[in-house]
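Colleague: I'd like to go through this one with you and ask how you know what you say about it. Could you put it up first?

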Amino acid sequence: MSEEIYYPNPEFAKDARINSMEQYWELQNSAKEDYEGFWKGYADEKIEWLEPYDKVLDESDAPFYKWFTNGKMNVSNQCIDRHLATRGEQTAILFEGDKGDVEHITYNQLSQRVNKMANLLKNEFGIKKGDRVVLYMPMIPEAAYAMLACARIGAIHSIVFGGFSAEALKDRIEDAGAKLVITADGAYRKGKPYMLKPVVDEALGQGGESIEAVLVVKRNNEAIEWVEGRDHSYNDLIDAQSDECPFEPMDSEDPLFLLYTSGSTGKPKGVQHSQAGYILWAQMTMEWVFDVREGDVYWCTADIGWITGHTYIVYGPLAAGTTTVMFEGVPTYPDAGRAWSMVEKHKITQFYTAPTAMRLLHKMGQDEPKKYDLSTLRVLGTVGEPIDPAAWKWYYEVVGGSKASIVDTYWQTETGGHMISPLPGATPIKPGYATFPLPGIMAEILEADGTPTPVGEKGLMCITRPWPSMIRTIWGDPERFVKSYFGDVKKDGKPVYFTGDGAMMDEDGYIKITGRTDDVINVSGHRIGTAEIEDAIKKVDAVAVSAVVGKPHDIKGEGIFAYIVLKEAGSADTETIKAEINAVLKQEIGAIALCDQIAIVPDVPKTRSGKIMRRILRAIAKGEPITQDTSTLEDPSIVPAIEKIVQEG
Ligand code: WTA
């Protein structure tokens, strides 16, 4: 075999929850033999049930699967109250601001603040169970308080990443029919204040009629506009609230939150997650994949605006009773040693980040980690995109001192938690492989007809049994839910969940994720649909047609490459058009969707029925040879013409 294999550090494996592949297979086989029994064991052990459930898994209305039906519980109880007797004085959230300010918030303090916030939402704004609350927040503890306060009273939060534009925020507010927006004046990044509240003002100026009030947390104290009657100050109102707010008994299947994500077509979809199944898997994966133990300080660098921030900064770590770090800034400020200095200062035991950040930190400061004491690190995680073996090796050797285990965790907004990942005390690792499905997860690489893809070949990454933390539906669009995830692959005549990713398995059963098979681009680990980008580009006057593809980028993983056909040939030059397009993208979606490269072309390759052949455009963008038959195109001569334009830059 060509790949190098890295075995878990025996010192670490000794105490790990799952510490051998035998134990892994035992668990996985027990799940295969008695699927419901497997999940029942964990649900009974981990969840504090207020009322027992009557059925583990209800498949009668597939694919609208239900877990732990009619059980009653509360996620904020899972994350806070039930820990108070044993860990009230332990740090729950360790906050570090951009400028280095540090705050330790104990579980007792978290409880008080979440209770107060829950009372504020209830008493001041009349938020009830089932109401939608949009969060447009920086990475400050109040964001976590707001999430948990919603969970406490049964309101459904929908967090919109702070990098999204006013237009994108407005669309999400409207789709969710939210009543309240919680935001902050702004926060700090790279030593300077940046603003959020003005974006909310702009969004609500354009629509978002369902919004009754805006709650504003003070963070950077910059001047902001104030709409009397609509805007309310968190800081002025919070002290008067009682710190006792009984949690609402929630049904296992009540929605916990919505999180909008891009698909290959149309507008972003509101992925709906449930209560019991979601929190169960969030906690289990914290224990298995990060192997959190007493006294650990766990740091995930994601933003709460993404699913990783939901499951692995707030819900999972707190459900597991660990200390979770929340960081306002960026790991490259004031220099490329910021992250490592934080690891040393806080004695971080698990560090979880994206390959993009890894590549950037590697590039900016190859030897930077060596200046710090990183010996507390036991588990290093990555998520969001495939990690290349070079970045993997640096992470392992230089950051982890060849002692820490690396977990390349594969999952999605829709899966709620990890699906395929090494177990740090058990799995021998091949860099670049997400390795094996976690115990209880029935992941298979299939052809569209459900036959297994042969070893070594690319197939479709599917999950063939429902799992507790899976997406329940797309908010307001159950048909799209069925079509998006259960439309492409059938196994034994029954539709199974298809992730949208390609994958291959090697002769040892190791799974490698090969990337999206649909029109979704993964920029710095963020999903962006090409359709969304093209819809925005349409708003540029001079543009007749656009076709957008992903192109490998050495830091971002993928960058955005746009082919543009002008209404009037020669009416504008590349630089002007690029500036106009990027201005529109910034306004319609946000800075994450900016094009890296554009090519003005006379036309795009289309089939005779008018379908744009993106595969050809992707190959040209990458500078790869065209392997496809182009004779069936409406105008085959367009292909060499485009190639020439792209080559000449
Ligand atoms: C990709 C992020 C390779 C994949 C948690 C998936 C990965 C999409 C990995 C989901 C990984 C995530 N290796 N690719 N370890 N993890 N992906 O919804 O294409 O923002 O479908 O969730 O990221 O992105 P999302």
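**Sheets, ligand and odd spots**

Modeller: Let's start with an open sheet of 7 strands, in the order S5-S4-S17-S16-S18-S19-S20 and with mixed pairing. Keep in mind that this is a predicted model.

Colleague: What makes S5 and S20 edge strands?

Modeller: Strand S5 (102-106) and S20 each have a single partner strand, so one side of each has no neighbour in the sheet. From one strand to the next, the twist averages 20 degrees.

Colleague: How do you know that S4 and S5 pair?

Modeller: Pairing takes at least two bridges between the strands. Strand S4 (residues 91-96) and S5 have 5 bridges, in the antiparallel sense, so they count as a pair by that rule. Two of the matches are easy to find: Leu-94 stands opposite His-104 in S5, and Ile-93 has Ile-105 as its bridge partner there.

Colleague: And what lies between S4 and S5?

Modeller: They form a hairpin with 5 residues between them, and Gly-100 in the turn has a positive phi of about 100 degrees.

Colleague: Which residue has a positive phi although it is not a glycine?

Modeller: That's Lys-347, with a phi of about 55 degrees. Look for Lys-347 in the loop between H13 and strand S18 (350-353).

Colleague: Now the other sheet. What is the strand order in the open sheet of 8 strands?

Modeller: The order is S12-S11-S8-S6-S7-S14-S15-S23, and the pairing is mixed. At the edges are strand S12 (231-233) and strand S23 (473-474), each of which pairs on one side only.

Colleague: How do you know that S6 and S8 pair, and do they run parallel or antiparallel?

Modeller: Strand S6 (residues 132-136) and strand S8 (residues 180-184) run parallel and are joined by 4 bridges. The cut-off is at least two, so they qualify as a pair. Within S8, Leu-180 is the bridge partner of Val-133.

Colleague: What does H12 touch when it packs on the sheet?

Modeller: H12 touches strand S7 (156-159), strand S14 (255-261) and strand S15 (269-274), and its direction makes about 140 degrees with that of S14.

Colleague: What joins S30 to S31?

Modeller: A hairpin does, through 3 residues. Strand S30 (residues 543-553) and strand S31 (residues 557-566) run antiparallel, with 10 bridges joining them. As one example, Val-549 stands opposite Phe-561 in S31.

Colleague: On to the ligand. How many residues surround the ligand, and which are the closest?

Modeller: There are 17 around the ligand, and the closest are Asp-408, Thr-409, Thr-413, Asp-501 and Arg-527. By class, that shell holds 6 nonpolar, 6 polar and 5 charged residues.

Colleague: What makes the approach of Thr-413 to the ligand a polar contact?

Modeller: The cut-off is a pair of N or O atoms within 3.5 Å. A polar side-chain atom of Thr-413 lies 2.5 Å from an oxygen atom of the ligand, so the pair falls inside that limit. Gln-412 also uses its side chain, where an N or O atom is 2.9 Å from a ligand oxygen. With Gly-384 it's a backbone N or O atom, 3.1 Å from a nitrogen atom of the ligand.

Colleague: How much of the ligand does the protein cover?

Modeller: The protein covers 96% of the 530 Å² of accessible area that the ligand has on its own. The elements giving two or more residues to the shell are helix H12 (307-319), strand S20 (405-409) and strand S27 (511-516).

Colleague: Last one: where are the cis peptide bonds you flagged?

Modeller: One joins Ala-62 and Pro-63, with omega about 0 degrees. Pro-63 is in the loop between strand S1 (55-58) and strand S2 (66-69). Another runs from Tyr-333 to Pro-334, with omega near 0 degrees, and Pro-334 sits in the loop between strand S17 (323-327) and helix H13 (338-346).

Conventions
Residues are numbered from 1 along each chain as its sequence is written. This is a predicted model: local features need pLDDT of at least 70, side-chain atom pairs count only at pLDDT 80 or more; totals for chains, interfaces and linings use all residues. Side-chain values use heavy atoms; hydrogens and water are left out. A residue is near a molecule or strand if one of its heavy atoms lies within 4 Å of it. A polar contact is a pair of N or O atoms within 3.5 Å; within protein, one must be able to donate a hydrogen and the other to accept it, and residues adjacent in sequence count only if both atoms are side-chain atoms. Accessible areas come from the Shrake-Rupley method with a 1.4 Å probe; for residues, only the protein chains shown count as cover. Ala, Val, Leu, Ile, Met, Phe, Trp, Tyr, Cys and Pro count as nonpolar, Asp, Glu, Lys and Arg as charged, and the others, Gly among them, as polar. Contact means heavy atoms within 4.5 Å. Axes are lines fitted to C-alpha atoms, for helices over the stretch in contact, and angles run from 0 to 180 degrees between N-to-C directions.
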